[in-house]
Amino acid sequence: MTNPLADRIALVTGASRGIGYATAIALAKAGAHIVAVARTQGGLEELDDEIRKIGGSATLVPLNLTDSDGLARLGAGLHERYGKLDILVGNAGVLGPSSPIGHIELKTFNDVMAVNVSANFQLIRCMEPLLKQSDAGRAVFITSGAANKATAYVSPYAASKAALETLARAWAQETANTKLRVNLFNPGPVRTRMRATLMPGEDPATLDTAEQVAEFIVPMCAPDWTETGKFYDYKTRSLMSFRSPA
């Protein structure tokens, strides 16, 4: 069995459950050492147990992503220990309220933006120097169809994902002439806790699992992935380019 990601360091946010958890395990199976970031200590410990079972290794980082100083310290710690970062999977996100815009408090809106946008902005700032030290730095951010559909009643979430997409695309353009590749991944409806919260009446058995989705994220993290500034749509299994409205 080959390990295409052997000796590579992969940071995964929101790694304690859902797509982040599944992606961390999939990357570990491919040989990467996982730097797992999440708020939930128990979930991180469960992840560590699973990674150990498959012969992998992980560093657990209990951290709220809104702690910008904590992210800076994490970047410094990775620099001191490894001198580089090969893979960044920006998965952590919150759904926020399901409500008409006029019923949403400003603080609630800001809380969603803090996790889904500002935390990723800080993550980029702190991890870019490390990713550029890799011979093939790869960054993948998890987005949502809500960003381009402007889905009603989840406006903070939709707006935050639209902002995240633009942030990632701008970063991809800025780093186009480097070895760093930056892309977005849209999983669509997946059997996760977030989806169950949004659609409580939906039969989860009709949805693909996070483990199925994660298998398509791993290739985007590999050294032989060359695309940047693109959007992978899991539902259609297609890699898309962004374009201006007609």
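In this predicted model, the charged end of Arg237 sits right over the ring of Tyr234, 3.9 Å from its centre. Arg237 also lies over the face of Phe216, this time at 4.9 Å from the ring centre. Tyr234 and Phe216 both belong to one aromatic cluster, whose other members are Phe185 and Tyr232.

Aromatic contacts turn up elsewhere too: a search of the whole structure gives 6 aromatic pairs. One of them is made by Phe141 and Trp171, which meet edge-to-face, with 6.2 Å centre to centre and 65° between the planes. Phe141 comes from strand E5 (residues 138-142) and Trp171 from helix H6 (residues 155-174), so this pair ties together parts that sit 30 residues apart in sequence. Phe141 and Trp171 are both buried.

Then there is Phe231 with Phe242. Their ring centres are 5.7 Å apart and their planes stand at 85°; since planes over 60 degrees apart count as edge-to-face, this pair goes down as edge-to-face as well. Phe231 is in strand E7 (residues 230-233), while Phe242 is in the segment after strand E8 (238-241), and the pair links these distant parts of the chain, 11 residues apart. As for exposure, Phe231 has a relative accessible area of 6% and is therefore buried, the cut-off for that being under 20%. Phe242, on the other hand, comes in at 26%, so it is partly exposed.

Conventions
Residues are numbered from 1 along each chain as its sequence is written. This is a predicted model: local features need pLDDT of at least 70, side-chain atom pairs count only at pLDDT 80 or more; totals for chains, interfaces and linings use all residues. Side-chain values use heavy atoms; hydrogens and water are left out. Rings of Phe, Tyr and Trp (its six-membered ring) pair if their centres lie within 6.5 Å; planes under 30 degrees apart count as stacked, over 60 as edge-to-face and the rest as tilted. Helices (H or I, at least four residues) and strands (E, at least two) are DSSP runs, numbered from the N terminus. Buried means under 20% relative accessible area, exposed over 50%, partly exposed in between (1.4 Å probe, protein chains only). A charge sits over a ring if NZ of Lys or CZ of Arg is within 6 Å of the ring centre and within 35 degrees of the ring normal.
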